[in-house]
Amino acid sequence: MNETTFSITKRQSGSQTSSATVTFDEHQVVVDGTIWGSDGCKTADLTDISYDTSADELSLSVGTKEMPDAGDMCTQAIIEIDYRATVMFENGLPGTVAVSHDSGNGLCPVTTATR
């Protein structure tokens, strides 16, 4: 694992959606996911990433946090936050990728993918 990027691709009103898909490319793993925030001032954040060489497993944890420029006026509606995480590997891809989300109610497994 030599480089990781994380970006928000879309934010919109919605429901308590928690999902993720994993794609294995030639030298990278791409995770496209949706996590929910409790109000309009929330955004997603990559809270933890680790690679266990003995288990050949990449683990990603995504959580929610207050947007830095949110201010005091937030909608009280649930918001769906779409994100993309890309992890580059120099010496081969992991055999398994596990993704977990924490929308403020504790870390929950979302998906596990095996190549």
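This report describes the sheet, the salt bridges and the surroundings of one strand residue in a predicted model.

## The four-stranded sheet

Four strands form an open sheet in the order β1-β6-β3-β2, and their pairing is antiparallel. The edges of this sheet are strand β1 (3-13) and strand β2 (19-24), each of which pairs on one side only. From one strand to the next, the twist averages 15 degrees.

Within the sheet, strand β3 (residues 28-37) and strand β6 (residues 79-88) run antiparallel and are joined by ten bridges. At one position of this pairing, V29 stands opposite V87 in β6. Strands of a sheet pair through backbone hydrogen bonds, in either a parallel or an antiparallel manner.

## A salt bridge between β3 and β6

The count of salt bridges in the model comes to three. One of them joins the side chains of R84 and D32, with an N to O distance of 2.7 Å. This pair links distant parts of the chain, since R84 lies in strand β6 and D32 in strand β3, 52 residues apart.

Both partners fall in the range between buried and exposed: R84 has a relative accessibility of 38% and therefore counts as partly exposed, while D32, at 25%, also counts as partly exposed. Side chains of opposite charge can pair when their charged atoms come close.

## The network around K42

K42 takes part in a network of salt bridges that also includes D39 and E66. Towards D39, the closest N and O atoms are 3.7 Å apart, whereas towards E66 the closest N and O atoms are 2.4 Å apart. The pair of K42 and E66 links distant parts of the chain, with K42 in strand β4 and E66 in strand β5 (residues 57-66), 24 residues apart.

The members of this network can also be described by their accessibility. K42 counts as buried, because its relative accessibility of 14% is under the 20% limit, and D39 is likewise buried, with a relative accessible area of 12%. E66, by contrast, is partly exposed, with a relative accessible area of 43%.

## The surroundings of T43

T43 is placed in strand β4 (residues 42-52). Its relative accessible area is 10%, which means that T43 is buried.

Leaving aside residues up to four places away in sequence, T43 touches I8, G63, T64, K65, E66, M67 and I81. E66 thus appears in two settings, as a contact of T43 and as a salt-bridge partner of K42.

Note on methods
Residues are numbered from 1 along each chain as its sequence is written. This is a predicted model: local features need pLDDT of at least 70, side-chain atom pairs count only at pLDDT 80 or more; totals for chains, interfaces and linings use all residues. Side-chain values use heavy atoms; hydrogens and water are left out. Helices (H or I, at least four residues) and strands (E, at least two) are DSSP runs, numbered from the N terminus. Buried means under 20% relative accessible area, exposed over 50%, partly exposed in between (1.4 Å probe, protein chains only). Contact means heavy atoms within 4.5 Å. Two strands pair if DSSP finds at least two bridges between them. Axes are lines fitted to C-alpha atoms, for helices over the stretch in contact, and angles run from 0 to 180 degrees between N-to-C directions. A salt bridge is a side-chain nitrogen of Lys or Arg within 4 Å of a carboxyl oxygen of Asp or Glu.
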